[in-house]
Amino acid sequence: MLLTIDVGNTHTVLGLFEGEDVIEHWRLATDARRTADEIAVVLQGLLAQSPLLKGADVDGIAICSTVPSVLNEMREMCRRYYGDVTAVIVEPGIRTGVPVRMDNPKEVGSDRIVNALAAIDQYGGPCIIVDFGTATSFDAVSAKGEYVGAVTAPGIEISVDALAAAGAQLHKVELVRPRSVIAKNTVEALQAGIIYGFAGQVDGIVERMAAELADDPDEVTVVATGGHAALVVGESRSIDVHEPWLTLIGLRLIYHRNTS
């Protein structure tokens, strides 16, 4: 079985593949202070407690990370505890098959390249990936499978925290769909502003990106992923597909591309 690990700024998502299927998954808080030994204890505990694994062994690991300090500990964890398992870490020198047409390709996060590979493999191009993470990231992939550009906006969680910190009578609210857009209380007013506001932001940015990406914007497939995607997908007019495991799928593809 292949273990895939996507380390984000806020959360770390782990998925276990049997063939092309995710058969188990976990979401953890990303902690830059966690050592390789602590990571191994958490990982082995999760694997041991899963009723779906039935004693199956991990025979491959694929990792990408936007947090350098965590990536170093992940590398050490693989070396110390999974030394006999082939590990692929997405970093310079790894074959992704995605040409990066940016002014400085090294600035592009590894997770964005992984997402681009998965989207082009699953849905073809041209496409736009909207990743609802710590930031809301918009990535453009051409019909040729090239990563051609990006938009980055503040994420939902960051925006909620900033609003609660700056407003004396405002506070964090549960991120759920309110009864209506025109709210009758402060909590639902905040919920409406967050959910419908981000849906409108997504539609506006995607519309502009699609117009630049293709002669016919209707040919562009818009794929949503990330921890907060489910909040916005149902309210957005532009999102075609919701794939929560897009990054994990990309890691699976990169693992096989570099080990076959």
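**Strands, helices and a buried leucine**

Visitor: Which residue in E2 is the bridge partner of Leu2?

Guide: Phe17 in E2 is the bridge partner of Leu2. Keep in mind that this is a predicted model.

Visitor: How do you know that E1 and E2 pair?

Guide: Two strands pair if there are at least two bridges between them. E1 and E2 have six bridges, in the antiparallel sense, so they count as paired. With three residues between them, the two strands form a hairpin.

Visitor: What does E1 have on its other side, next to E4?

Guide: E1 also pairs with E4, again over six bridges, but in the parallel sense. There, Leu2 stands opposite Gly60.

Visitor: Why is the pairing in the sheet called mixed?

Guide: Just look at E1: it runs antiparallel to E2 and parallel to E4. The open sheet has five strands in the order E3-E2-E1-E4-E5, and its pairing is mixed.

Visitor: What makes E3 and E5 the edges?

Guide: E3 (21-29) and E5 (86-89) each have a single partner strand, so one side of each has no neighbour in the sheet. From one strand to the next, the twist averages 15 degrees. As for the partner of E3, that strand pairs with E2 in the antiparallel sense over eight bridges, and Phe17 turns up again, opposite Val22 in E3.

Visitor: Which helix packs on the sheet?

Guide: H7 does, touching E1, E2, E4 and E5. The direction of H7 makes about 125 degrees with that of E1.

Visitor: Why is that angle called oblique?

Guide: Roughly perpendicular ends at 115 degrees and roughly antiparallel starts over 145. About 125 degrees falls in between, so the word is oblique.

Visitor: Why are H1 and H2 called roughly perpendicular, then?

Guide: Their axes cross at roughly 70 degrees and come within 8 Å. Roughly perpendicular covers 65 to 115 degrees, so H1 gets that label relative to H2. The crossing is right-handed. Residues that meet there include Ala36, Ile39 and Leu43 from H1, and Met74, Met77 and Tyr81 from H2.

Visitor: Why does Leu53 count as buried?

Guide: Buried means under 20% relative accessible area. Leu53 has 6% relative accessibility, so Leu53 counts as buried.

Visitor: Where does Leu53 lie, and what does Leu53 touch?

Guide: Leu53 lies in the loop between H1 and E4. Not counting residues up to four places away in sequence, Leu53 touches Met1, Leu16, Ile23, Glu24 and Leu47.

Visitor: What makes E1 a mostly covered strand?

Guide: Six of the six residues in E1 (2-7) are buried. Leu2, Thr4 and Asp6 point one way, while Leu3, Ile5 and Val7 point the other, and all are buried.

Visitor: Which residues touch the most other members of the largest nonpolar core?

Guide: Ile129 and Leu251 do, in a core of 27 residues. Several elements each supply at least two residues, among them E2 (11-18), E6 (127-132) and H3 (110-123). H7 gives the most, with seven residues.

Visitor: How do you know what Leu251 is in contact with?

Guide: Contact means heavy atoms within 4.5 Å. Setting aside neighbours within four places in sequence, Leu251 is in contact with residues including Thr4, Ile5, Asp6, Ala62 and Val114.

Terms used: Residues numbered from 1 in each chain as written. Predicted model: local features only at pLDDT ≥ 70, side-chain atom pairs only at ≥ 80, totals over all residues. Heavy atoms only, no water. Core = buried A, V, L, I, M, F, W, Y, C linked by side-chain atoms within 4.5 Å. Buried < 20%, exposed > 50% of the residue type's maximum accessible area, 1.4 Å probe, protein only. Helix = DSSP H or I, 4+ residues; strand = E, 2+ residues; numbered from the N terminus. Axes fitted to C-alpha atoms, helices over the stretch in contact; angles between N-to-C directions. Parallel < 35°, antiparallel > 145°, perpendicular 65-115°, else oblique. Left-handed = near helix turned anticlockwise from the far one by under 90°.
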